[in-house]
Amino acid sequence: RRETKRQYSFSLTTFSPSGKLVQIEHALNAVNQGATSLGIKARDGVVIATEKKLPSVLVDKDSVKKIVQLTPEIGVIYSGMGPDSRILVRKARKAAQTYFMTYNERIPVAQLVREVATVMQEFTQSGGVRPFGVSLLIAGYDSHGPQLYQADPSGTFFAWKASAIGKNMTDAKEFLEKRYAEDMLLEDAIGAALLTLKEGFEGAMDEDNIEVGIVGKDHEFRCLSKSEIKDYLEEIL
């Protein structure tokens with residue numbers, strides 16, 4: 001049985017007898033070793049937040065960005081392998097720009113998520129490649145209102161009211177289940193996101209080792225400045 005398991009663990013395109021693609025499970029393990037990231041959809045916007053742990057104090061912290069803007073009203077955050085996320089960000093931006101050039105309007109959030117998830121799925125069904133070692137949380141605001149999606153290495157994606165990915169995913173989701181309310185406003189969601197991050201945070205949490213991105217009714221996605229994050233932290237701590 002061990003030989004059989006080993007035989008399938010290195011093949012991306014071959015199902016094991018139990019019906020699993022083992023390399024995708026390994027990719028999810030890579031995600032679960034990444035820093036905790038989370039998102040909350042409020043009544044009037046979406047917030048995404050993440051830990052930003054640097055490998056060394058010698059790294060210039062301003063050069064490390066984990067929250068990235070895809071279009072003026074859509075942003076993304078990842079847990080897992082940073083270099084893999086850059087490939088998906090580039091493909092997502094290209095898809096969004098192609099849509100804009102074709103239809104002269106911004107791409108809907110759900111459609112952009114579908115485009116990214118399709119790329120992730122293609123990398124589970126081709127020879128000579130490996131799955132992406134990242135999960136993404138994509139936040140946006142379009143004509144359908146605020147939206148939060150999660151996309152995983154298998155290409156699976158769902159819309160969420162609140163979700164978490166990364167190493168403290170389980171505890172963070174339990175915490176979100178307790179704190180989430182359907183009528184929550186964006187300001188409250190930011191506070192809940194920071195409290196949830198703090199639950200599993202190792203060491204002191206400050207404006208230098210977390211990132212927060214928001215999109216509201218103005219349809220403008222942006223990252224909070226360090227001074228804004230500091231103000232929110234002083235309110236909740």
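Here is a quick tour of two sheets, the helices that lie on them, one buried threonine and one small set of cavity facts.

The model is a predicted one. One open sheet has 5 strands in the order 8-1-2-9-10, and another open sheet has 5 strands in the order 3-4-5-6-7. The cavity count comes to 1 at 30 Å³ or more.

**The sheet with strands 8-1-2-9-10**

- Pairing in this open sheet of 5 strands is antiparallel.
- Its edges are strand 8 (162-165) and strand 10 (221-223), and each of these pairs on one side only.
- On average, neighbouring strands here are turned by 15° against each other, if you ignore direction.
- Take strand 1 (residues 37-42) and strand 2 (residues 45-51): they pair in the antiparallel sense over 6 bridges.
- Within that pair, Ile40 sits opposite Val47 of strand 2.
- Helix 5 (residues 169-179) lies across strand 1 and strand 8, and it runs at about 165° to strand 8.

**The sheet with strands 3-4-5-6-7**

- This open sheet also has antiparallel pairing among its 5 strands.
- Strand 3 and strand 7 (157-159) are the edge strands, each with pairing on one side only.
- Neighbouring strands in this sheet are turned by 25° against each other on average, direction ignored.
- Helix 3 packs on the sheet and touches strand 3, strand 4 and strand 5, with its direction making about 20° with that of strand 3.

**Strand 4 and its partners**

- How much of strand 4 (residues 74-80) is covered? Most of it, since 6 of its 7 residues are buried.
- On one side, strand 4 pairs with strand 3 (residues 67-71) in the antiparallel sense over 4 bridges.
- Those two strands make a hairpin, with 2 residues between them.
- Thr71 has Ile74 of strand 4 as its bridge partner.
- Strand 4 also pairs with strand 5, again in the antiparallel sense, over 7 bridges.
- Two of the facing pairs are Gly75 with Ala139 of strand 5, and Ser79 with Ser135 of strand 5.

**A buried threonine in a loop**

- Thr36 is in the loop between helix 2 (22-32) and strand 1.
- Is Thr36 buried or exposed? Thr36 counts as buried because its relative accessibility is 3%, and the cut-off for buried is under 20%.
- Leaving aside residues up to four places away in sequence, Thr36 touches Ala49, Thr50, Glu51, Ser79, Ile165, Gly166, Lys167, Asn168 and Leu197.
- One of those contacts, Ser79, is the residue that stands opposite Ser135 in strand 5.

**The cavity**

- The largest cavity holds about 30 Å³ of space.
- Which residues line the largest cavity? They are Leu70, Val76, Leu88, Val89, Ala92, Val116, Leu136 and Ile138.
- By type, the lining splits into 8 nonpolar residues, with no polar and no charged ones.
- Helix 3 (82-103) and strand 5 (134-142) each supply at least two residues of this lining.
- Helix 3 gives the most, with 3 residues, and helix 3 is also the helix that packs on the sheet against strand 3, strand 4 and strand 5.

Definitions and conventions. Residues are numbered from 1 along each chain as its sequence is written. This is a predicted model: local features need pLDDT of at least 70, side-chain atom pairs count only at pLDDT 80 or more; totals for chains, interfaces and linings use all residues. Side-chain values use heavy atoms; hydrogens and water are left out. On a 1 Å grid over the protein atoms alone, a cavity is a set of points where a 1.4 Å probe fits but cannot get out, and a pocket is an open set with protein on both sides within 12 Å along at least five of seven lines; lining residues have an atom within 4 Å of a point. Grid points are joined across faces, edges and corners, and a volume is the space filled by probe spheres set on the points. Ala, Val, Leu, Ile, Met, Phe, Trp, Tyr, Cys and Pro count as nonpolar, Asp, Glu, Lys and Arg as charged, and the others, Gly among them, as polar. Two strands pair if DSSP finds at least two bridges between them. Axes are lines fitted to C-alpha atoms, for helices over the stretch in contact, and angles run from 0 to 180 degrees between N-to-C directions. Contact means heavy atoms within 4.5 Å. Buried means under 20% relative accessible area, exposed over 50%, partly exposed in between (1.4 Å probe, protein chains only).
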